[in-house]
Amino acid sequence: MSDESSNDTLPHYTWPLLLAGQKALVTGANSGIGKAVATGLGRSGADVAINYITDEDVAEAMVKEIEGFGVKAIAVKADVSNEDEVRAMFNTVLDAFGTLDILVANAGLQRDAAYDEMTLEQWNKVISVNLTGQFLCTREAVKEFKRRGVREEVSAAAGKIICMSSVHQVIPWSGHANYASSKGGIDMLMQSMAQELAPLHIRINSIAPGAIRTPINRKVWDSPDAYAKLMKLIPYQRIGEPEDIAQAAVYLASDMSDYVNGSTLFVDGGMTCYPGFATGG
Ligand code: NAD
């Protein structure tokens with residue numbers, strides 16, 4: 001399905017320099033949402049570290065593209081579910097940039113199965129990348145934010161964390177119990193961090209995307225039949241684009257959202273408005 005046939009009225013995405021001088025790390029940044037977020041942060045003036053686990057060539061091409069916006073960029077390989085690799089990644093980023101202001105904990109995956117057929121391996125893989133991975137990365141970011149405090153010249157906050165959640169932190173998902181559990185867990189992880197760290201002026205929020213056009217969910221948008229079925233779930237009548245999430249991430253990373261803490265921003269075209277009840281249920 002072409003972009004034109006499914007999305008004929010996209011917004012005019014704009015990237016004001018809201019993040020000039022800030023240093024950002026995006027995990028799972030060389031595909032889909034992470035790629036758009038890393039690019040959007042760079043366009044908005046931040047230096048960007050691109051975490052990846054496969055496809056080094058894509059990450060390196062992104063470094064060149066983002067440097068073209070007049071900021072610094074590096075690519076850092078690490079498995080976010082591996083404590084040693086996460087620590088090494090933060091050391092690399094801090095060596096390259098001096099400090100960190102923004103973490104977008106985005107890396108995630110699915111291992112779908114009917115409930116009684118789900119293996120422990122499928123369960124553990126999803127929880128370890130989607131939930132434990134966010135714990136490991138946010139913990140390292142918080143250490144740096146606490147150590148350094150506010151840099152008044154770039155932001156009113158001592159650091160900003162954006163957890164990539166999903167509408168499935170509130171919508172149960174048959175056949176995806178591991179994934180929905182990981183995203184429900186992210187909600188409580190995010191809110192607990194926000195409660196604990198707000199007095200230090202560290203802001204933590206989540207983005208809950210609906211259906212976004214990326215490789216993770218290709219089968220729901222890459223044929224006209226699938227796309228028509230998807231539209232029954234989306235009142236706004238278009239699939240989300242990765243740039244829709246990038247715009248939300250720039251907002252949550254900037255001082256425009258300085259009084260937003262412990263919140264989830266749903267970017268879902270109204271999917272969580274329960275469209276099945278639009279005609280009375
Ligand atoms: P994607 O598959 O395009 O990107 C996922 C990225 O995570 C890839 O770069 C992948 O290599 C990386 N990754 C996977 N395991 C990793 C690991 N162990 N360490 C480091 N990186 C790892 O999918 P996407 O749609 O861009 O998903 C990004 C995030 O958005 C995920 O957390 C996903 O759950 C969430 N999300 C996506 C949608 C959607 O509709 N696409 C909806 C809701 C939430």
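How do the residues of the shell around the ligand divide into nonpolar, polar and charged?

**View 1. The shell around the ligand in the predicted model.** The residues of this shell divide into 14 nonpolar, 12 polar and two charged. The ligand has 28 residues around it, and among these Ser31, Ile33, Tyr179, Ile212 and Thr214 come nearest.

**View 2. Polar atoms of Gly28, Ser31 and Ile33 that face oxygen atoms of the ligand.** In the side chain of Ser31, an N or O atom is 2.6 Å from an oxygen atom of the ligand, while a polar backbone atom of Ile33 is 2.8 Å from a ligand oxygen atom. For Gly28, it is a backbone N or O atom that lies 3.5 Å from an oxygen atom of the ligand. The ligand taken alone exposes 830 Å², of which the protein buries 91%. Helix 2 (32-43) and helix 6 (177-197) are the elements that give two or more residues to the shell around the ligand.

**View 3. The crossing of helix 4 and helix 5.** The axes of helix 4 (residues 83-97) and helix 5 (residues 120-148) come within 10 Å and cross at roughly 40°, and this crossing is right-handed.

**View 4. Residues in the contact of helix 4 with helix 5.** From helix 4, Glu83, Val86, Arg87, Met89, Phe90 and Leu94 take part, and they meet Leu136, Cys137, Arg139, Glu140, Ala141, Lys143 and Glu144 of helix 5. Sorted by class, this contact has seven nonpolar and six charged residues, with no polar ones.

Conventions
Residues are numbered from 1 along each chain as its sequence is written. This is a predicted model: local features need pLDDT of at least 70, side-chain atom pairs count only at pLDDT 80 or more; totals for chains, interfaces and linings use all residues. Side-chain values use heavy atoms; hydrogens and water are left out. A residue is near a molecule or strand if one of its heavy atoms lies within 4 Å of it. A polar contact is a pair of N or O atoms within 3.5 Å; within protein, one must be able to donate a hydrogen and the other to accept it, and residues adjacent in sequence count only if both atoms are side-chain atoms. Accessible areas come from the Shrake-Rupley method with a 1.4 Å probe; for residues, only the protein chains shown count as cover. Helices (H or I, at least four residues) and strands (E, at least two) are DSSP runs, numbered from the N terminus. Ala, Val, Leu, Ile, Met, Phe, Trp, Tyr, Cys and Pro count as nonpolar, Asp, Glu, Lys and Arg as charged, and the others, Gly among them, as polar. Axes are lines fitted to C-alpha atoms, for helices over the stretch in contact, and angles run from 0 to 180 degrees between N-to-C directions. A crossing is left-handed if the near helix is turned anticlockwise from the far one by less than a right angle, and right-handed if clockwise. Contact means heavy atoms within 4.5 Å.
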